[in-house]
Number of protein chains: 2
Amino acid sequence: MNHTQLRSFHAVAAEGGFTAASRVLNVGQPTITSQVKALERHFDVELFHRRGRRVELTEAGGKLFRIAQRIVSLEAEAEDLLNAYGGFQAGHLHVGAVGPYHATEMLSAFSKRYPGVRLSVTVGNSMEMAERILDYSVDVAVLAHVEDDPRIYAMPYSRHPVVVFVNKSHRFAKRRRIRLAEMEGEPMVLREVGSTTRLAFETAIREAGVTIEPVMAIGSREAVWLAVARGIGIGVVSDIEFIPHPDLHTVEVADADIYTTAHVNCLAERRESRLIRAFFDMAEELKTPRNVTFI
Amino acid sequence: MNHTQLRSFHAVAAEGGFTAASRVLNVGQPTITSQVKALERHFDVELFHRRGRRVELTEAGGKLFRIAQRIVSLEAEAEDLLNAYGGFQAGHLHVGAVGPYHATEMLSAFSKRYPGVRLSVTVGNSMEMAERILDYSVDVAVLAHVEDDPRIYAMPYSRHPVVVFVNKSHRFAKRRRIRLAEMEGEPMVLREVGSTTRLAFETAIREAGVTIEPVMAIGSREAVWLAVARGIGIGVVSDIEFIPHPDLHTVEVADADIYTTAHVNCLAERRESRLIRAFFDMAEELKTPRNVTFI
DNA sequence: TCATACCTATTGGAAAATACGATGAATCAT
DNA sequence: ATGATTCATCGTATTTTCCAATAGGTATGA
């Protein structure tokens with residue numbers, strides 16, 4: 001069953017004539033004639049009585065028309081569906097993030113621009129996110145870490161200094177900036193091995209020849225924060241992730257360039273997928289200060 | 001929305017793979033790939049996740065698949081419908097006849113051969129039948145008269161002698177055959193002007209130089225039959241149309257070849273329409289004595 | 001770890017479907 | 001009649017669809 005023929009038949013039946021059908025389908029009238037005729041000949045069935053310049057459905061034609069109408073309507077439905085997805089009026093973007101900090105800005109901007117697209121956020125560590133990218137359970141992920149995997153594409157998003165934060169009773173509490181050497185032997189509360197912030201910090205102090213005293217390694221940002229608030233030691237954190245607390249003060253590091261870079265990641269082969277590209281484009285805009293728009 | 005693409009998409013989703021889909025659709029695998037890809041690119045939507053050698057529907061793909069399945073199923077329904085009509089498992093043939101006499105043989109043969117085709121019979125005179133053929137309200141008509149209209153096609157079916165019939169008390173009642181000349185001055189009960197039987201008879205007696213005495217002209221076969229039974233006059237009838245009656249006898253005409261010919265008629269342009277052609281073919285077979293079939 | 005089997009993607013060129021334009025024939029309204 | 005409208009026909013041209021060969025990738029088993 002040729003679909004072009006069915007489509008022509010339907011238009012003729014619906015519009016009540018071959019010429020009218022040809023206008024609706026944006027083709028020439030001879031095309032309609034030949035399509036309908038081919039359909040009739042293929043099944044050896046009369047679909048229309050040609051009564052002069054008027055056409056009239058036969059019994060078989062009438063029955064076919066009812067079916068054809070449902071097909072055409074479903075096709076319109078399919079087209080709407082695809083347009084909705086292609087036009088961001090529908091769809092679902094799964095976003096992964098190592099913490100809500102970097103992602104929130106992007107998420108709110110994205111949902112504002114594309115209100116029709118549902119968003120869901122999965123929080124987990126970098127390795128989990130990499131896995132989820134690879135098995136399609138997240139579409140994009142905002143990570144500090146850059147995966148060493150050619151299948152994953154990463155775009156740098158923002159660079160945030162790593163700061164030290166201390167309890168208000170600590171000797172650093174009144175300072176704005178300290179030097180790395182001053183931290184020699186300081187008791188420190190750290191994140192688990194593999195934390196990007198920890199890695200950046202440890203690399204810096206190693207290069208500076210400074211040794212610190214890790215008193216605790218905790219697998220959660222909030223737990224570290226709490227431990228520092230209780231005065232167990234000093235902590236390090238990406239400044240954007242720091243949550244203010246009456247008992248806590250942040251201190252910049254004066255003599256080293258310690259930072260983490262948030263990246264937006266996705267599966268490399270899905271880089272051009274509509275929703276993913278939209279997310280990256282939007283992240284790109286957030287990253288660079290927007291130019292003034294002249295109307 | 002290109003239907004070939006949708007069809008390819010559906011097959012991939014239903015079969016779970018591009019290669020499997022290509023086998024179902026009897027096309028090459030590259031065709032499927034390009035069709036699905038074109039569909040995805042046209043709407044800028046991902047329909048499948050290509051996970052190595054496995055494919056998996058995306059959210060949009062899943063929704064599209066549900067619609068596509070209904071479309072495909074409706075197309076199968078349409079195809080079945082058309083096949084049924086083309087294969088005589090469905091359909092409706094409107095048959096017209098001037099009297100039930102000639103038509104019954106054909107009707108019973110037709111309904112026996114094509115049990116799936118509904119038949120309806122309209123009885124009326126030749127002129128009415130011609131009109132009904134022209135306005136599509138009958139498909140074929142069995143008439144004695146041959147319409148003088150190029151739009152109507154007629155096939156001779158059977159030739160029946162016109163016989164005289166008389167009351168049992170008439171002087172012809174004991175005869176098997178009479179000559180035309182013997183009818184000179186006989187009172188006759190005739191059909192209305194325009195009756196084919198009447199026309200054939202009048203032509204014959206005019207050629208023979210015989211004059212008759214029309215005492216009554218009645219617009220119905222049955223009424224003529226009744227009038228003759230009451231002894232009002234003698235009648236003429238096509239032998240196949242004669243209905244026996246205890247008071248009536250038929251008498252052949254010895255010296256003239258008076259006959260009517262039943263024709264099967266249809267709209268010339270519909271001559272090749274499936275059901276109509278089938279009816280004509282069957283009539284053709286009934287007309288000619290069937291050959292012995294060797295198994 | 002290598003080989004094998006199976007799958008999807010790509011490309012260039014051939015085949016087929018589809019469309020167009022001009023024209024003819026029939027019908028309807030004026 | 002006449003002009004306008006409509007469906008049918010024919011030959012040609014364009015677009016779509018398809019295939020064959022081939023590449024690249026991923027599982028499975030020896």
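## Chain A domains and the surface around DNA strand D

In this predicted model, the domain assignment splits chain A into three parts: domain 1 covers 3–84, domain 2 joins 92–156 with 261–287, and domain 3 spans 159–260. The C-alpha centres of domain 1 and domain 2 of chain A are 47 Å apart.

Let's turn to DNA strand D. There are 19 residues around this strand, and those that come nearest are F18(A), T19(A), Q29(A), R50(A) and G28(B). What share of the strand's atoms within 4 Å of the protein belongs to sugar and phosphate? For DNA strand D, that share is 70%.

Three of the nearest residues also appear in the table below, each paired with a phosphate oxygen of DNA strand D.

| Residue | Protein atom | Distance to a phosphate oxygen of DNA strand D |
|---|---|---|
| T19(A) | polar side-chain atom | 2.4 Å |
| R50(A) | N or O atom in the side chain | 2.7 Å |
| G28(B) | polar backbone atom | 2.3 Å |

So much for single atoms; next come the helices. Both chains take part here: α2 (18–24) and α3 (29–43) of chain A, along with α3 (29–43) of chain B, each provide at least two residues of the surface near DNA strand D. Which element gives the most to this surface? With four residues, α3(A) does.

The make-up of the surface near DNA strand D is easy to list: 11 of its residues are polar, four are charged and four are nonpolar.

Technical notes. Residues numbered from 1 in each chain as written. Chains lettered and ligands numbered in written order. Predicted model: local features only at pLDDT ≥ 70, side-chain atom pairs only at ≥ 80, totals over all residues. Heavy atoms only, no water. Domains from an automatic or database assignment. Near = heavy atom within 4 Å. Polar contact = N/O pair within 3.5 Å; in protein donor to acceptor, adjacent residues only side chain to side chain. Nonpolar A, V, L, I, M, F, W, Y, C, P; charged D, E, K, R; others polar.
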